[in-house]
Amino acid sequence: MKTIQELRSSKNGLYKSEKKGVDDLRDNFISRIGARTARVGIVGLGYVGLPLLWTFHEEGFPVTGFDVDQTKTDNLTSGTPYIKHLGKEMMGKLAGSEKCSATVDFRGLAEMDVILMCVPTPLNAYREPDMQYVEQTTRTISKYLQKGQLIILESTSYPGTTDELIIPILEKTTGMTSGEDFFVAYSPEREDPGNPQFNTAGIPKVVGAHGSDALAIAAELYDSIVVETVPVSNNRTAEAVKLTENIFRSVNIALVNELKVVFKEMDIDVHEVLDAAATKPFGFMKFTPGPGLGGHCIPIDPFYLTWKAREFEQHTRFIELAGEINTSMPDYVIEQTIKAMNAHQLPLNDSNILIIGLAYKPDVDDLRESPTFKLMDLLSEYEANVSYHDPYIPRIHETREHAEWTGLESVTWDKETISDFDAVIISTNHSDINYQQLADWNDLIIDTRNAMKKIEPKNEKQIWKA
């Protein structure tokens, strides 16, 4: 096992390839990176691909975005924002740049030096990896693969994806060999949408690769755009790093979600407990409970490892238990909602319920894997009439898993509208929401995020924590 220092030295030429001609191919590539003439293509212009494209552009690289969704490529070409936190200024600058373009024509992949894959990796109905987008993209790349290109997967996946799925497709389709004719690497995305403290350039990048030459090129590439690169031994290790980061969060969130349920029965406020525990300057990291997990990573990534572990006859009991706890939280919220409504002598059936927050986290327009959808589904099963308010998502666009909610629009924020609901569930604690107005306008609020902690309730039955 090489140390980080030994791995990093590969990009400085201390590891020489045994293959004739590969040294020159690698060194020429690294020279083009240093000169900012290497052409970068990014497949997938979503929450990962678009910030990555912007970061390469800001460092002077010629960049091209590829996507099957022409709306995204048209918006990038015209400078129209489609991801709120990235803003008009960034989109306008990209649209006006001679070094940036976007297209749905994948024949342009043949002109790229680097191709980064930033495509979805969801789970199927059996909570197994759905690799169709990675596989389809790899097959598309293989049609246009050129000698000397570097292919990098950034999408989160199970250990072995790059070596067992991507490389075999590229080699079989083209007759070329990874590490000799082209290069392959893996560098997991670490985006945190809407977090103003960290952008792509300011987050260290883990890099694994298929061979030392690919590692040297990939590390040099990322060194040119981010604050630090962290090379690891191979692709499998880099893939495992990403899963470990998100499993860590999933397990700890499951812990505080379980504590929330236990402490409630003891008449203890879990948020007060966590706030007090967080004052300890060592040995404690604060996580907060909620109505369930959202975003692409935490609800999905742990199951990639549990699926792959079965191949090695290993059972990830701890990880699976955390998943069970987290996925049960929407049911717990509905259970608490029923109790709260019963206290007001209101049936859930045929009631009018407002959910505040469709996005999976505060102050973004990202609704991927949002637990609010599960709450809406469960309320509908009880034949409640469900509405939502989200200042960042005025209308629900079509999603892969929740097509039945497509087209539903956010209700207006005014006294007449909000007071007309039988109950309000706070699913996402957006900072733009006036929670004092909410308390003034509605008599039954189920708070899953401790958003009402500073609001004095009208009576003991108005605000319920769930």
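**View 1. Lys205, a buried lysine.** Lys205 is buried here, with a relative accessible area of just 4%. Keep in mind throughout that this is a predicted model. You'll find Lys205 in strand 7, which covers residues 205–209. Its side chain makes a polar contact with the side chain of Ser187, at 2.9 Å, and another polar contact, at 3.0 Å, joins it to the side chain of Glu154. Setting aside residues up to four places away in sequence, Lys205 touches Glu154, Ser187, Pro188, Glu189, Arg190, Tyr222, Val226, Glu228, Thr229 and Val230. For a sense of scale, pick out Asp269 as well: it sits 64 residues from Lys205 in sequence, and the two C-alpha atoms are 38 Å apart.

**View 2. Glu154, a polar partner of Lys205.** Now shift to the other end of that 3.0 Å side-chain contact between Glu154 and Lys205. Glu154 is in a loop, after strand 5 (150–153) and before helix 7 (161–174). Is Glu154 buried or exposed? Its relative accessible area is 2%, so Glu154 is buried. Lys205 shares the Glu154 side chain with Tyr222, whose side chain is joined to it by a polar contact of 2.7 Å. If you skip the neighbours within four places in sequence, the contacts of Glu154 include Val48, Leu52, Met117 and Cys118. Tyr186, Ser187, Pro188 and Glu189 are also among them, and so is Leu116, the residue in the next view.

**View 3. Leu116, with no accessible surface to speak of.** Leu116 belongs to strand 4, residues 114–117. Its relative accessibility is 0%, so Leu116 counts as buried. What does Leu116 contact, leaving aside neighbours within four places in sequence? Val40, Gly41, Ile42 and Val43 are among its contacts, and these are residues of strand 1, which spans 40–43. Leu52, Phe56 and Ile152 are in contact with Leu116 too, as are Glu154 and Tyr222. Asn352, by contrast, is 236 residues from Leu116 in sequence, with 46 Å between their C-alpha atoms.

**View 4. The eight-stranded open sheet.** Step back a little, and the strands from the earlier views turn up together. Eight strands make an open sheet with mixed pairing, and their order across it is 3-2-1-4-5-6-7-8. The edges are strand 3 (100–103) and strand 8 (229–231), each of which pairs on one side only. On average, neighbouring strands in this sheet are turned by 25 degrees against each other, direction ignored. If sheets are new to you, strands pair through backbone hydrogen bonds, and can do so in parallel or antiparallel fashion.

**View 5. Strand 2 between strands 1 and 3.** Zoom in on strand 2, residues 63–66, which runs parallel to strand 3 and is joined to it by four bridges. Strand 1 (residues 40–43) is also parallel to strand 2, again with four bridges between them. Val63 is a handy landmark: its bridge partner in strand 3 is Cys100, while Val63 itself is the strand 2 bridge partner of Val40. Which way do the residues of strand 2 point? Val63 and Gly65 go one way, Thr64 and Phe66 go the other, and all of them are buried.

**View 6. Aromatic pairs that link distant parts of the chain.** The model has five aromatic pairs. In one of them, the ring centres of Phe248 and Phe287 are 5.8 Å apart and the planes meet at 65 degrees, so the pair is edge-to-face. The two are 39 residues apart: Phe248 is in helix 9 (residues 235–265), and Phe287 is in the loop between helix 10 (270–277) and helix 11 (301–311). Phe248 is partly exposed, at 43% relative accessible area, whereas Phe287 counts as buried at 12%. Another pair brings together Trp413 and Trp441, with ring centres 5.7 Å apart and planes at 50 degrees, so this one is tilted. Trp413 is in the loop between strand 10 (385–389) and helix 15 (415–418), and Trp441 is 28 residues away in helix 16 (residues 435–441). Trp413 is partly exposed, at 23%, and Trp441 counts as buried, at 16%.

**View 7. Arg32 over a ring.** This last close-up shows Arg32 lying over the face of Phe29, 4.9 Å from the ring centre.

Methods. Residues numbered from 1 in each chain as written. Predicted model: local features only at pLDDT ≥ 70, side-chain atom pairs only at ≥ 80, totals over all residues. Heavy atoms only, no water. Buried < 20%, exposed > 50% of the residue type's maximum accessible area, 1.4 Å probe, protein only. Polar contact = N/O pair within 3.5 Å; in protein donor to acceptor, adjacent residues only side chain to side chain. Contact = heavy atoms within 4.5 Å. Pairing = 2+ DSSP bridges. Axes fitted to C-alpha atoms, helices over the stretch in contact; angles between N-to-C directions. Phe/Tyr/Trp six-rings, centres within 6.5 Å; stacked < 30°, edge-to-face > 60°. Lys NZ or Arg CZ within 6 Å of the ring centre and 35° of its normal.
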